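Open the model in your viewer and keep a selection box ready. The stops below say what to select next and what is there.

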Amino acid sequence: LHVVTYGGHRADFRNFDLASVWDVSHAYDDRLRANLISNLVSRLLATHDVVVRCDIDEFLIPDLRKYSGLADYVTRCDLPYMSAYGIEVFEKEGDHAIDMTLPVLVSQRRYGIANTALHKIAVTTKPLHWAPGFHGATLPPAFDSLFMFHMKWADVERRSAWAQLMKSSVSEDGSEHKYFSVT
């Protein structure tokens, strides 16, 4: 597992067994992030058969009626790359804050909306270049039995706190500042 983080957050991952942590030394920039991760994936494909890419607020889950889990899916899928069907998971009025010690999907969050903007290439055996936000790439979408549950709005209070932290770390005149201002 390789992690890309920003602004000195490398230490946040010190207790995890990771292959690497890339700490980008300057402010968050979505275009830079897409370029950096596209290049990282290309480099990893020189020594790995397949690369799985997702953001920290995304869960990749194959159709569990067909596969025992993500490793089984990746091993058995014969497509050169796979897009995930995106589902936006959200906090419904009356839901409690997410307890990170418990399973999230179904037991704490039961509602989601299909969102075509979240249909992202998530598994690849081929180098490609993603656009900012990873919503598009230099390869067309290719769907199989893979789903991506996007947790951005699954806990509104945590989302707001995270957005404020991110907003304070970006330039006020950039598009990222405007993006993180929407909470």
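Start at helix α3 and select E157 and S168: both are exposed, on the other side of α3 from its buried residues. Here exposed means over 50% relative accessible area, buried under 20%, and partly exposed in between, with a 1.4 Å probe and protein chains only. Helices (H or I, at least four residues) and strands (E, at least two) are DSSP runs, numbered from the N terminus.

This is a predicted model, in which local features need pLDDT of at least 70, side-chain atom pairs count only at pLDDT 80 or more, and totals for chains, interfaces and linings use all residues. Residues are numbered from 1 along each chain as its sequence is written, and side-chain values use heavy atoms, with hydrogens and water left out.

Now add R159, A163 and M166, the buried residues of α3. Looking down the axis of α3, these buried residues fall within an arc of 65 degrees, so they line one face of the helix. The arc is that of the directions from the helix axis to the C-beta atoms. An α-helix has 3.6 residues a turn, so residues three or four places apart point the same way.

Next, select C54 and C77. How many disulfides does a search of the whole structure find? It finds 0, a disulfide being a pair of cysteine sulfur atoms within 2.5 Å. For C54, the nearest cysteine sulfur is that of C77, 16 Å away, which is too far for a bond. C54 is partly exposed, at 35% relative accessible area, whereas C77 is buried, at 12%.

Keep C54 selected and add R53, E58, L60, A84, K120, I121, A122 and M148; together with C54 they line the largest cavity. On a 1 Å grid over the protein atoms alone, a cavity is a set of points where a 1.4 Å probe fits but cannot get out, and lining residues have an atom within 4 Å of a point. The search of the whole structure finds 1 cavity of 30 Å³ or more, and the volume of the largest is about 30 Å³. Strands β4 (58-62) and β7 (120-124) each supply at least two lining residues, and β7 gives the most, with 3.

Last, select S25, in the loop between β2 (20-24) and α1 (30-44). S25 is exposed, at 70% relative accessibility. Add H9: S25 and H9 are 16 residues apart in sequence and 9.6 Å apart in space, C-alpha to C-alpha.

How values were computed. 1 Å grid on protein atoms, 1.4 Å probe; cavity = no way out; pocket = protein on both sides within 12 Å on 5 of 7 lines; lining within 4 Å. Points joined across faces, edges and corners; volume = space filled by probe spheres on them.
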